[in-house]
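Trainee: I'm new to this one and would like a close look at a single part of it. Could you take me there slowly, in one go?

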Amino acid sequence: MKLAVRFFESRAAVAGDSEAVARRYIGFLALAFVGIFGLVWLYTASLPMAFLSRDYPAWLAKRSMIESCDLGQVAVFGDSRTMAGIEPNLLPLGGANLAFSGSSPIEAYFAVQRMLLCKTLPKTVVLAFSVGGFMSDTNYWRSSARVGIVNFAAMRDVQRESRRLHDDEMLHLTDGEHLTPLLSEALMAARFPSFYFGSLIDGFGFGRYLYNKRMEGKILSARGEALFGTDAGSHDLASETELSHFTPSPVVNYYFRSILAEMAKRDVPVVLLSMPINDATCQVMDPSLRPALLAYLHQAIAADPRATMVGPTMPCWPNRFFGDGFHLNAAGAERYTATVARWLQPAEPQSAAAAALVVER
Amino acid sequence: MRLAPRPRLQTLALSLAIATDLGVLIYYKYMDACLQFLTGGAGLHGLAANIVLPLGISFFTFTQIGYLIDKKEGLVAERGLLHYVLFVSFFPHLIAGPILHNREIMPQLVQPRTYRFSAENLSVGLAIFSFGLVKKTLFADTMMDSVRAGFGHAQTATFGTAWLAILSFALQIYFDFSGYSDMAIGLARMFNIRFPMNFNSPYKAASIIELWQRWHMTLSRYLALYVYNPLAMAITRRRQARNLGIGRAAQATPGGFATMVVVPTVFTMSLAGIWHGAGMQYLIFGLIHGFYLSVNHAMRIFRPHRVSAAREGKLMHAMKVLATFMAALFALVFFRSSSVGAAFQLLGGMIGLHGFGAFILPGIILSHLGATGQALLAKGFVQSASAIDFVDQVCGLLWVVILFVIVWGFPNTQQIMLRFEPVLGKIQPGPFKGVLSWRPNAVWACAVGAMLCLGVLSLGGTSEFLYFQF
């Protein structure tokens, strides 16, 4: 550095010209900017494990299960409620929890696409999304694109379908990042460091590496399940209380039906579940949500005899089974998994035992 | 100019031109608020909902009005249409000022050298711009969450939350405005134009008068030139016509003080308040500052003898700075709140009406505290939380402290750039002038490069979306 300073100043002094000094300064500044920015970009692109939140190792764990086709007999797709509430290790049939926090059927569709590359598919696919997950995908840019659940090709696909359906929710980044869709997708796919600055700060640059590595192993051994809230009970209100009506998003609806179609094409039975919500939320929630969601799901599976809905829609469970306003705690997850295991017990959903357990169809 | 021999017609033309400018401003900026007020909050959605505020309308309107008045007074030397249009629409000042005066800028626009590339001005401008970018994206924007937490839930904000919110907002608005001003000055300098100083470490002010001499300096100057002075002059003439005194002695009488100082001050500051936004809370913000300034003037006029700033001790000076800051903080509550009611709710939180809140401590520290920890827990002064939440809270508080250290202990951008005359007007040197003095060398190139890099990195937002805390 000292050498650079001496070189810089001696040359400038000889020149004795403020314009020449300034030109050299600008060159050096440009070099410094490109160098520092390049290093940061290299870092964000090559070592996301060191600074991204737990979502990243969770996705790595699930991706590794999908790519190694280590899915067992039941593959579960859904959002964070599903991720926390279904423990594949407790399912007698064995399986994999491929649900992802904040995700909607859009992310699930692309995970299913990866799964379809496997020679042997799971015997049953379970889909369990919250009512809000059918209405929008607010975490698409904030989480799924940043973490890498949707890659460049998937993002292009979402843009195309959004345009076709005139659904502009996915056309632009949130938070005022007004970039053109192609540019934003390319930058996301290339892990442009500006999108990760918040994580870099919160993760103290490299402070999450060991934790994330541990989490990856833990989630893998739990077959994709991971808890969120860990309280011994919660009466916090979930986001359902903020909804006054149910209106499915066209683009989310498209991908949801695409999953059903893909499974039907391959003759894989699909089971639709609705994750429990706490009593506190049930008491405040708009009563029109439940029948509206039920009608929507019925309509979606009407033409597919291999798809079934089991269990009640948006069942209300005591607050003590929740670790926070949204997610089941360990006791809740264990209880719910046992219930799901009973529902899934028969090999064929159409069997008599299954029919007895099908509450709504 | 052609109307100069016919003063009445000239005044009429000027009034019409100003009315047109103000009409456009009122239509775009205040129409919605006026309709809301007149219809009791319902508004007329069809009429006002589609009005899109043109970028920088307040700034170019005020610039144009100032130009018109100066032109009538015969103070405008340069009259070319091209230069006038460039002066009004020169982009760096349109978002957050400074409010330009034709006498400062127009002479620069007629200089041929203004239109030639200057590497020196580009390097100076880039340095100033990068300071501003970091202030805006890294300092101001990181305050957003704690500001929202307090002001967004003013009705339940506890003592701790309310104070953190208002202190964070004081930092947010300071670095936001200072950052925008720096970026405007830097951008202009890249185009060989020097802007007037607009922000001069206002929280270092030891009185409210000084605060307004340091905060949005060009707005203060504009209001003094085109509102306060004409009003004060009219009052003086009126008193003169009634054979009432107009000198210093007359100002020191209650009646003279009220008419010659309080009336123009409060009126001017009310306008300043409304200029910042449409809403009663902005008017109250202006009135509070009008009151502060009146009290400050009263202390200046009625106090028998004053101690000069040089003679007063450092402690006394620090106390004055703190008192001024606290007074400004009180007014800022109204400035930031969504309504007058919300402002009072937050003030209630600041005096503990909604409880005092609990400091979160991790279990490991609580267990070390033993019985004391349990007692604090039982009384609700502390709350048990994970180590990560605790670190998060401590880092947040530490960041606020660091930013206040920067505000009060470090030189401002103009002081750092002092050797290269960054702005029009005189700049007092600041602390650390040996070390923190910019020059075009390798060390500063790296530092500015790093700052620009930080600025660009933080454009994607400084807050992370977290479903699960670490």
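Trainee: How much area do chain A and chain B bury between them, and what share of it is on carbon and sulfur atoms? Please start there and tell me what else belongs to the picture.

Mentor: Happy to. Please keep in mind that this is a predicted model. The predictor gives the complex an ipTM of 0.79 and a pTM of 0.81.

Now to your question. Chain A and chain B bury about 3500 Å² between them, and 73% of that area is on carbon and sulfur atoms. On the chain A side, 45 residues take part in the contact, while chain B brings 38 residues. Three residues deserve your attention here: A:Tyr25, A:Leu29 and A:Phe197 supply 18% of the area that chain A buries against chain B, more than any other three residues.

What about charges and polar groups? The count of salt bridges between chain A and chain B is zero. Polar contacts do occur, with six residue pairs counted between the two chains, both residues of each pair being at pLDDT 80 or more. As for where chain A touches chain B, the elements that give two or more residues are α1 (2-15), α2 (18-46), α7 (139-147) and α10 (197-202) of chain A. Among these, α2(A) gives the most, with 14 residues.

Let us stay with chain A and turn to its cysteines. Over all chains, the count comes to two disulfides. One of them joins A:Cys69 and A:Cys118, with sulfur atoms 2.1 Å apart. This disulfide links distant parts of the chain: A:Cys69 is in the loop between α3 (55-67) and β1 (74-78) of chain A, and A:Cys118 is in the loop between α5 (105-115) and β3 (124-128) of chain A, 49 residues apart. The torsion about its S-S bond is about -95°, so the A:Cys69 and A:Cys118 disulfide is left-handed. Its two ends sit in unlike surroundings: A:Cys69 is partly exposed, with a relative accessible area of 35%, whereas A:Cys118 is buried, at 6%.

A disulfide also joins A:Cys282 to A:Cys316, with an S to S distance of 1.9 Å. Because A:Cys282 lies in helix α13 (residues 279-284) of chain A and A:Cys316 in strand β7 (residues 316-317) of chain A, the pair ties together parts that are 34 residues apart in sequence. This link is left-handed, with -100° about the S-S bond. Here A:Cys282 is buried, with a relative accessible area of 17%, and A:Cys316 is partly exposed, at 35%. With bonded cysteines counted along the chain, the disulfides of chain A follow the pattern 1-2, 3-4.

Across in chain B, take B:Cys453. Its sulfur is 12 Å from the closest cysteine sulfur, in B:Cys446, which is too far for a bond. B:Cys453 counts as buried, at 1% relative accessibility, while B:Cys395 is partly exposed, at 32%.

Finally, a word on how confident the predictor is about chain B. Its mean pLDDT is 85, and 93% of its residues reach 70 or more. Confidence in chain B is lowest in helix α2 (residues 45-48), at a mean of 57, and highest in helix α19 (residues 413-416), at 94. Over residues 466-470 of chain B the pLDDT is below 50, and this stretch has 21 contacts in the model beyond near neighbours in sequence.

Key: Residues numbered from 1 in each chain as written. Chains lettered and ligands numbered in written order. Predicted model: local features only at pLDDT ≥ 70, side-chain atom pairs only at ≥ 80, totals over all residues. Heavy atoms only, no water. pLDDT = per-residue confidence, 0-100. Helix = DSSP H or I, 4+ residues; strand = E, 2+ residues; numbered from the N terminus. Contact = heavy atoms within 4.5 Å. Disulfide = S-S within 2.5 Å. Buried < 20%, exposed > 50% of the residue type's maximum accessible area, 1.4 Å probe, protein only. Buried area = accessible area lost by both parts, 1.4 Å probe. Salt bridge = Lys/Arg side-chain N within 4 Å of Asp/Glu carboxyl O. Polar contact = N/O pair within 3.5 Å; in protein donor to acceptor, adjacent residues only side chain to side chain.
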